[in-house]
Amino acid sequence: LDIKKNYILDIGSGYGETSIFLAKKNLSKKIISCDKYINGNLKLLKRIDNEGISNINIHHGNVYDILDTNSKNYYFSLVWIFFPDPWPKKRHFKRRLIDVNFFLKLKKFLKNKSFIHIASDSKSYISEILNCAFKIKKDYRWVNQSKKDWEYRKLSLPKTKYFKKALKNGANPFYIKLIKL
């Protein structure tokens, strides 16, 4: 990766709806679509080909493949994490992606004033993420603190498969926006 370019990291891209959305809105930026899910990556590849999109690279694997490197070649101006696996059982909470350690690892790969966009319909996960945001407030600031700015369904964000599933199940997806200080 060329550090002079602007890169966007789409973590857990699923079927690629967010990567496609980002690629079309950010034609001059490279989207790194990161997911371990092979069927989702295949669907994304098909859409990339069908729609002639040239600014998406797929990383088939875990985002920690990137975050655990000592490389200084990755500098992201934007990170999207939409509907990460909530691991709803309390005994599985340790498997959740987003925690204080995650934010600290991610920080070294972000440009100053980079944004992190997170969406979830899991109340316990949202609570945990906001608790993390409080703990890391010297490194990141929660930007969208008013109700009108965190109601996913009222914002012009991609209506992903998991967003639609949340609505169908009566959940109200919550959107969080952080900025690296």
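**Note on the predicted model: strand 5 and the overall fold**

1. The side chain of Ser114 reaches the backbone oxygen of Phe76 at 2.9 Å. This is a predicted model, so the distance is a computed one. Ser114 itself lies in strand 5.

2. Is Ser114 buried or exposed? Ser114 has a relative accessible area of 1%. The cut-off for buried is under 20%, so Ser114 counts as buried.

3. The neighbours of Ser114 fall in two stretches of sequence. Leaving aside residues up to four places away, Ser114 touches Phe76 and Ser77. Ser114 also touches Leu178, Ile179 and Lys180. Phe76 therefore appears twice in this account: as a residue that Ser114 touches, and as the owner of the backbone oxygen reached by the serine side chain, with Ser114 buried at 1%.

4. His117 belongs to strand 5 as well, which covers residues 110-120. His117 has 8% relative accessibility, and so counts as buried.

5. Which side chain makes a polar contact with the side chain of His117? The partner is Tyr175, at 2.4 Å. A colleague checking the model can look at this pair directly in the structure above.

6. His117 has contacts with two runs of residues, again leaving aside those up to four places away in sequence. One run is Leu78, Val79, Trp80, Ile81 and Phe82. The other is Tyr175, Ile176 and Lys177. Tyr175 is thus a residue that His117 touches and its side-chain polar partner, with His117 buried at 8%.

7. Now the chain as a whole. The protein chain has seven helices and seven strands. Along the sequence they follow the pattern β-α-β-α-β-α-β-α-β-α-β-α-α-β. The radius of gyration is 16 Å, close to the 16 Å that the globule rule gives for 181 residues, so the chain is as compact as a globular protein of that length.

8. The C-alpha trace spans about 40 × 35 × 35 Å along its principal axes. Of the 181 residues, 45% count as buried. Among contacts with a separation of 6 or more, 74% join residues 24 or more positions apart.

9. Surface and charge close the note. The protein chain exposes about 9900 Å². Carbon and sulfur atoms supply 53% of that area. There are 38 positive and 15 negative side chains. The centres of the two sets lie 4 Å apart.

Methods:
Residues numbered from 1 in each chain as written. Predicted model: local features only at pLDDT ≥ 70, side-chain atom pairs only at ≥ 80, totals over all residues. Heavy atoms only, no water. Helix = DSSP H or I, 4+ residues; strand = E, 2+ residues; numbered from the N terminus. Rg over C-alpha atoms; globule rule 2.2 N^0.38 Å. Buried < 20%, exposed > 50% of the residue type's maximum accessible area, 1.4 Å probe, protein only. Contact = heavy atoms within 4.5 Å. Areas by Shrake-Rupley, 256 points an atom, 1.4 Å probe, with all protein chains shown as cover. Lys, Arg positive; Asp, Glu negative; His and termini not counted. Charge placed at Lys NZ, Arg CZ, Asp CG, Glu CD. Polar contact = N/O pair within 3.5 Å; in protein donor to acceptor, adjacent residues only side chain to side chain.
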